[in-house]
Amino acid sequence: MDAGTEQLRIGELSRRTGVSTELLRAWERRYGLLRPSRTDGGFRLYSPADERRVSLMRSHLQHGLSAAEAARLTLTEADGDGRPQDEPLLQRRAQELREALNDLDESAAQSALDSAFAEFAPETVLSNLVLPYLHELGERWASGDASVGQEHFASQLLRGRLLGLARGWDRGAGPRALLACAPGELHDLGLIAFGLALRARGWRITYLGQDTPLETLAETARSLGPEAIVISAASPDRFVRSGAELRRVASTANVWLAGPGASAALAKKANAAFLNVDPLAAADRVAATRA
Amino acid sequence: MDAGTEQLRIGELSRRTGVSTELLRAWERRYGLLRPSRTDGGFRLYSPADERRVSLMRSHLQHGLSAAEAARLTLTEADGDGRPQDEPLLQRRAQELREALNDLDESAAQSALDSAFAEFAPETVLSNLVLPYLHELGERWASGDASVGQEHFASQLLRGRLLGLARGWDRGAGPRALLACAPGELHDLGLIAFGLALRARGWRITYLGQDTPLETLAETARSLGPEAIVISAASPDRFVRSGAELRRVASTANVWLAGPGASAALAKKANAAFLNVDPLAAADRVAATRA
Amino acid sequence: MDAGTEQLRIGELSRRTGVSTELLRAWERRYGLLRPSRTDGGFRLYSPADERRVSLMRSHLQHGLSAAEAARLTLTEADGDGRPQDEPLLQRRAQELREALNDLDESAAQSALDSAFAEFAPETVLSNLVLPYLHELGERWASGDASVGQEHFASQLLRGRLLGLARGWDRGAGPRALLACAPGELHDLGLIAFGLALRARGWRITYLGQDTPLETLAETARSLGPEAIVISAASPDRFVRSGAELRRVASTANVWLAGPGASAALAKKANAAFLNVDPLAAADRVAATRA
DNA sequence: ATAGGTTTTGTCAAGCTTTTGTACAT
DNA sequence: ATGTACAAAAGCTTGACAAAACCTAT
């Protein structure tokens, strides 16, 4: 068990922390600050975690907080920081984001994202927070667990965030990719994430967004001459309905079908390439064609 | 309106301008130079505009004018002091933006917007660059002059921009507004601009975005209890199709119909209020209900 | 939600803000300036937001406003997120950043930067907020107007922010640049800004940081074979002292000298190219060599 | 410019309650 | 070790007050 952890008795804890034994007991009684185990005879045995809590408590008192407040803070900090200590920071941010979005709390969501983007690389945030949340939301929604309001709220907020990251993604001298959602398709977040990932690999992105008619796509492709065209859809019908036009576009350029709606069969039929679902891996594949 | 402007008492104005309090009162009495508001107790409260007038007055006196003359001049000058010089710059930014968007040149567009937001107040940029461009694009598109690619590209880019400005728009303590596009409706930029303007008037915004089912809206409204609900659509059918549900939502909350698709008749039928087209004026109207 | 926020009692708030407890209560009673929660026993508990309000109030009083006016302003500013709405955004953010950094207020500084980066392109933020602030700080410091603490605080915070943006800047397929500060040189913010700008132009960046021995630089260059090497220093001595070694490095690669310490003469002597001072313009020049 | 009256605002006091560290009896 | 007691420190409310700032009218 925890054979290796040192267990202090109250006198020793008092000596180490400079807090009188009476006070330690009072803190335990009044605020539940400490949770010592006991010897058979009833003596308190404090763990290192208890010792940390006492120092935290003292530091808060030093800063002028009232004892009640200091204890409250100490407990929430120690719990949210100490026990799931092994739980990575990333998990915590994910949890914060999830709660904020579910509560329709915009600024909390933004600040969770701010923290995450400050602490991790953009792709890490995408692959560990944003995309998993979208996935989860899709499933909860399919099973009737999420309100559609949450879905709308979340996707709008995340869209704004991702488009913010996208700013300037057409600059530079790399190969150019043209991105669009299939006709009728509104789910564009995965495609934007893909664009960001491809951008990080040095490509220039031109993004046409949701519900792009293939005629539009073809025209734009003619004027830009992109190295790759990526068309995304969340459901297969989007591709099915425009099979003929897809073939036509694909005959003049390097076209990929992506998103949950894409499949190897559909791609083959359209004479296009098939892009496996995960946007980040997809970026690797497309980038590899020009390495 | 000018909730955020500092109002000085006579002593501080005197200290700042170096004009005795008696004289300030005399100028007000004799020439109507100043028009301070009053506290409940009767103390004068001067606005920054008053402060400017006093400096102007002093400078005229310095140049040897009689007090009466100086006052007359000050009053006429202070009114005609605003924009005209800025106008060309604004036009230039508008032109830069237009060209960049038409060329699908993302970074040029972004930097035109950067310049504009650096040089002008947010609402000025909205009302002089963004909204006019959208309007123009709509017309060109209707007449077949704009490629759909341009429209897609521009609206996606502007959406990212506006959502960036929107960050934190749910914070604070003001009344809350719930915003959504009608079912099937994808044109959300006007609604976002409206949200930004309402935000600037102290409201908190919750935004559900494109194509929001009315059931979703109703549910979200129940949990948030917003002061106002604004539903936008670019074409009337969106509203027509969901007439019955609209009535139901409107029966429990303060609902406004907005966007080019709204009309007084439709609003009346739905038992909702009608919001005239311009997003900024609309924000004024909604804000006025709670002033 | 805000389980982790510290709540102050009135005495501590008084001590921190320098406002007597009686006055704090009077402000609450008369103007509703503060809205403390209460303990079960009825003691007031103030949030960090309350603390901010008190400082704002004090600052307004300092500027000569009457208490009633100061309170009104404080409330509208603090609740409505912010400030005069009719000012160009960029100026507002610059002012917020400046105040926050001068007050050593980290979270206010971060949120000013969050807003700025959401609203503007990274380069715009760099060239309009970050670099000017650094410049200004340098001058204030030279004239004894700024404390060393402020300088450390600001540069630490900004460095963290910029390095956050820099994440992943070595990815992709563009030409590679190797960046380093000259031996002994610790001012690296300008160089990082330069790196970011070059990254936006499609380059890959390898960054060696402060105080890089030229031997290290040469070795790294041998193994990476960069397209360009940029060495930065804030004062000329850094370059002077390592003249011979500089020549050697420059003989095998394309070397640029940058930063306020660089000059055409020094560069010529080292057989390197001279990079004009502004990091963003510098990025344009370097990028142009490979367009 | 002065006189005489009013408003605003910071401070103080009295009497009572809550909080919290320490002490003591079991 | 526990539980109770206690007293100093910190807070609360109500009410009042006086200096500073401001008003109008002469």
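This talk goes through one predicted model, from the DNA surface to a chain interface and then to a domain interface.

Let's start with DNA strand D. How many residues surround DNA strand D? The count is 26. The closest ones come from chains A and C: Arg30(A) and Ala67(A), then Arg30(C), Tyr31(C) and Ala67(C).

Which part of the strand faces the protein, backbone or bases? Take the atoms of DNA strand D within 4 Å of the protein: 69% are sugar or phosphate atoms. The rest belong to bases.

Now some individual phosphate contacts. Ser20(A) places a side-chain N or O atom 3.4 Å from a phosphate oxygen of DNA strand D. On chain C, Ser20(C) has a polar side-chain atom 3.4 Å from a phosphate oxygen of that strand. Ala67(A) uses its backbone: an N or O atom there sits 2.9 Å from a phosphate oxygen of DNA strand D.

Which elements build this surface? Those giving two or more residues are α2 (21-31) and α4 (67-81) of chain A, plus α2 (21-31) and α4 (67-79) of chain C. The top contributor is α2(C), with five residues. By residue class, the surface near DNA strand D has 12 nonpolar, eight polar and six charged residues.

Next, chain A against chain B. Here 35 residues of chain A contact 33 residues of chain B. Together the two chains bury about 2,800 Å², and carbon and sulfur atoms account for 56% of that area. Who loses the most on the chain A side? His152(A), Gln156(A) and Arg167(A) do, together making up 20% of what that side buries.

Now the polar side of this interface. Between chain A and chain B there are 14 residue pairs in polar contact, both partners at pLDDT 80 or more. How many salt bridges cross between these chains? One is found. Asp114(A) pairs with Arg167(B), with N to O at 3.2 Å.

On the chain A side, the elements giving two or more residues are α6 (106-119), α8 (148-166), β4 (204-207) and α10 (214-224). Of these, α8(A) gives the most to the side touching chain B: 10 residues. That side of chain A splits into 11 nonpolar, 14 polar and 10 charged residues.

Last stop: inside chain A. The chain is divided into domain 1 (3-77), domain 2 (86-165) and domain 3 (176-288). I'll stay with domains 2 and 3. Their C-alpha centres are 24 Å apart in chain A. The contact involves 12 residues of domain 2 and 13 of domain 3. About 1,000 Å² is buried between these two domains, with 73% of it from carbon and sulfur atoms.

What about charge pairs? Two salt bridges are found across the interface of domains 2 and 3 of chain A. Arg159(A) and Asp188(A) form a salt bridge, with their closest N and O atoms 2.9 Å apart. The polar contact count between these domains is two residue pairs, both partners at pLDDT 80 or more.

On the domain 2 side, α7 (122-142) and α8 of chain A each supply at least two residues. Again α8(A) leads, giving the most to the side touching domain 3, with seven residues. The domain 2 side holds seven nonpolar, two polar and three charged residues.

To close, keep an eye on α8(A). That helix gives the most to the chain A side facing chain B, and the most to the domain 2 side facing domain 3.

Terms used: Residues numbered from 1 in each chain as written. Chains lettered and ligands numbered in written order. Predicted model: local features only at pLDDT ≥ 70, side-chain atom pairs only at ≥ 80, totals over all residues. Heavy atoms only, no water. Near = heavy atom within 4 Å. Polar contact = N/O pair within 3.5 Å; in protein donor to acceptor, adjacent residues only side chain to side chain. Helix = DSSP H or I, 4+ residues; strand = E, 2+ residues; numbered from the N terminus. Nonpolar A, V, L, I, M, F, W, Y, C, P; charged D, E, K, R; others polar. Contact = heavy atoms within 4.5 Å. Buried area = accessible area lost by both parts, 1.4 Å probe. Salt bridge = Lys/Arg side-chain N within 4 Å of Asp/Glu carboxyl O. Domains from an automatic or database assignment.
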